[in-house]
Amino acid sequence: MLPLALSDVAISFPGLAQPVLSIDHLEVPAGGRLAVTGASGSGKSTFVNLVSGLERPDTGAIRWDGTDITTLSESRRDLWRAQNVGLVMQDFHLFPGLAAIDNVLLPARLARAATAEVKSRAHELLSRVGLARPEQSVETMSRGEMQRVAVARALLRRPGVLIADEPTASLDAEAGAEVGQLLLELANQEGATLIVVSHDERLTERLDRRIRLADGHIVADTAMRASS
Amino acid sequence: MIRFVLADLRRLWAASLVIVLLVALATALGVAVTLQERALRLGSARAADKFDLIVGAPGSETQLVLSSVFLQPAALPLMPGEVLTKLIADPRVAWAAPIGFGDNFQGYPIVGTTTALISGTTTGFSQGQMFAREGEAMVGSGVDLPIGAEVKPMHGAAGEGGETHAESIYHVVGKLQPTGTAWDRAVLVPIQAVWHIHGLGEDHDHEEAGHDEHEAADHEDEAGEEHHHGHIDADAPLDEDFDHEVPGLPAVLVKPKTIADAYALRQAYRTGEGTRAVFPAEVLTGLYATLGDARAVLMYVAYGAQTLVAAALMLIAVIHVAQRRKQIGALRAFGAPRLAVFGIVWLELLLLVAIGVGAGFGLGYGAAEFLAGLFTAQSGVHMPVEFTKSDAALAATFLAVAALMAALPAALAYRQSPVEALRG
């Protein structure tokens, strides 16, 4: 469970006059649940990339529980992300040819972190997301099932923060609702800070707080009713 | 990581197979050339091993060796028979034996010689015994004739309008153990029989008569002079006393007592009148130089093919990495270390090349073995197709180059920004 603090963060891309994202101040408490909305091009994806350490801002500090990830080298950020961040993306990014369980374990295996404990946790997570056949190949799954595998993968190494980028956008309404529910439940059970970037009102309205981005700035910041 | 690589290769099995085949064929080309050339060298050197010094009439040294060691049919000039008499009497000579050829039977060359040569160049009999009478013959291990078979010598090759020596028949009395030389395909008969068939020897009226393969073709012109056919006296005892009135001979194999004697003898008969003395090993060395040039050309062709395949592989690998940038970016995003990404791409390529190189060595060996088999069937010379340490070095070099080259696409994957990959 990690608290997040952004200060004076700005990032520009070459050829664009305006910064794509500029946030003077944002804090999310440990275990907080933040929804990020906005039109496409508003800077949502850049926000995910910055707070997950995939990208470094031009200026400013991004602190997760005191660790300013903007000061880490690329390899150190990879390591930090592997240990602290669970990512769920719109396109699942599962690897064809591998079984569900192997997909869940793949990043941990590549990082040489797949201990026996991690493996048994992978099985447990698969059953918690409602998948009974860990050896099933991911190509044979429905999109909803695939995203559940991705959720299990994100939670494998007990991340302090779970970041979901449009987790329901490529799913039908029913599957999307199930995955949204799973994210909320599991983040709560695991005690992870949750950041969800989404257009999906039914998902975002269930989080504690919602910010709206436009042209790289926070234009609205709404506290929602606590639902858990 | 291995599991991921294997799953990936399994998924892309068709493309993987094509890559493996490309590498295998390019490798096999070089391996087959190397092995084949080595086999030819080793095989011919071993075939000539027992042939220390050959004395013949002046002419092509190469032809003298090819005809006497490898029994290649050719027109050899004759030298006077006294040369043999002198050689046998020479104290520097352990033994000397005439080699007379020209006839054949069912494609097997018939070679007239003596018991001294057979004892000196072979390891013994697998069946039967040495010829003891003029009408008896022995066959090499590669001759498909049983003991007791009849051999009707034919003068000249059948395809060239050769003729049989009517009424002259040898009976096979012995079969020799394999020697791995061209002589395995020969029918060995007493030299006196060859002389008698051609009307030489006792009636010694034609010292010039050829044991000439092409004589049949010249038949019309020189029939009167050359063809004075006699018959063998099948039951006549073996006469290996060559101290008088020996007919002309194409070649004499000489076994010197010492190496110094060998050089002295060569010197004596090289400068002697009407003779030429050669070390087959030395003539072969000259041939190997030519062979080496041919090998070099073929190897350049093989290197060219390998370079093309390597370039094609690089292209495929770089395109492949570009196509999979999303996947690679995702791996990084989910926490795979950059080195792991590098390792996956590197290992995947290296594995394919390693399988290809392995298969290529197998394929090259098979091809060389096949060609050697054909050659052995035709000539009788055993061709040992074998790997040496230098081949292991070659394989290691291939893999090292592959490891270096695979590092390029792997580095591309390593350097790729996960954000850009996921965005694209």
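This section describes the sheets, the chain contact and the enclosed spaces of a predicted model.

Two open sheets of chain A are considered in turn. Strands of a sheet pair through backbone hydrogen bonds, either parallel or antiparallel. One open sheet has four strands, in the order β2-β1-β4-β5 of chain A. Its pairing is antiparallel. β2 (21-28) and β5 (67-68) of chain A stand at the edges. Each has a single partner strand, so one side of each is left without a neighbour in the sheet. Five bridges join β1(A) to β4(A). Here A:L6 has A:I62 in β4(A) as its bridge partner. β4(A), residues 59-64, is joined to β5(A) by two bridges, and these strands also run antiparallel. The bridge partner of A:R63 in β5(A) is A:D68.

The β4(A)-β5(A) pair forms a hairpin with two residues between the strands. A:D65 lies in this loop, between β4 and β5 of chain A. Its phi is positive, about 50°, although A:D65 is not a glycine. A second case of this kind is A:F92, a residue other than glycine with a positive phi near 65°. A:F92 is placed in the loop between β6 and α3 of chain A. Most residues other than glycine have a negative phi, and most peptide bonds are trans.

Helix α1(A) packs on the four-stranded sheet. It lies across β1 (4-11), β2 and β4 of chain A. The helix runs at about 120° to β1(A).

The other open sheet has six strands, ordered β6-β7-β8-β3-β9-β10 in chain A. Its pairing is mixed. The twist averages 15° from one strand to the next. β6 and β10 (217-223) of chain A stand at the edges, each with a single partner strand, so one side of each is left without a neighbour in the sheet. Within the sheet, β3 (33-38) and β9 (209-214) of chain A pair in the parallel sense over five bridges. A:T37 has A:R212 in β9(A) as its bridge partner. Helix α5(A) lies across β6 and β7 (161-165) of chain A. It runs at about 165° to β6(A).

The contact between the chains was examined next. The size of an interface is often given as the accessible area lost when the parts come together. Between chain B and chain A, about 2200 Å² is buried. Carbon and sulfur atoms give 65% of this area. The contact takes 25 residues from chain A and 22 residues from chain B. On the chain B side, B:R3, B:F334 and B:V419 lose the most area to chain A. Together these residues account for 27% of what that side buries.

Open and enclosed spaces were then mapped. Rolling a probe the size of a water molecule over the atoms shows where empty space is left. The largest pocket has a volume of about 580 Å³. It is lined by 26 residues. A:S45, A:N49, A:D165, B:L422 and B:R423 lie nearest its centre. Both chains thus appear among the elements that give two or more residues to this lining: α1 (44-51) and β6 (85-89) of chain A, and α13 (418-423) of chain B. α1(A) gives the most, with five residues. This is the helix that lies across β1, β2 and β4 of chain A. By class, the pocket lining has 10 nonpolar, 10 polar and six charged residues.

Three cavities of 30 Å³ or more are found in the whole structure. The largest encloses about 160 Å³. Its lining comprises 16 residues. Closest to the centre are A:A82, A:V85, A:R153, A:A154 and B:F334. B:F334 is also one of the chain B residues that lose the most area to chain A. At least two lining residues come from each of α2 (74-84), β6, α3 (100-110) and α5 (143-155) of chain A. By class, this lining has 11 nonpolar, two polar and three charged residues.

The second largest cavity has a volume of about 60 Å³. It is lined by B:A47, B:K50, B:F51, B:T121, B:T122, B:T179, B:T181 and B:W183. These residues divide into three nonpolar, four polar and one charged.

Key: Residues numbered from 1 in each chain as written. Chains lettered and ligands numbered in written order. Predicted model: local features only at pLDDT ≥ 70, side-chain atom pairs only at ≥ 80, totals over all residues. Heavy atoms only, no water. 1 Å grid on protein atoms, 1.4 Å probe; cavity = no way out; pocket = protein on both sides within 12 Å on 5 of 7 lines; lining within 4 Å. Points joined across faces, edges and corners; volume = space filled by probe spheres on them. Nonpolar A, V, L, I, M, F, W, Y, C, P; charged D, E, K, R; others polar. Pairing = 2+ DSSP bridges. Contact = heavy atoms within 4.5 Å. Axes fitted to C-alpha atoms, helices over the stretch in contact; angles between N-to-C directions. Buried area = accessible area lost by both parts, 1.4 Å probe.
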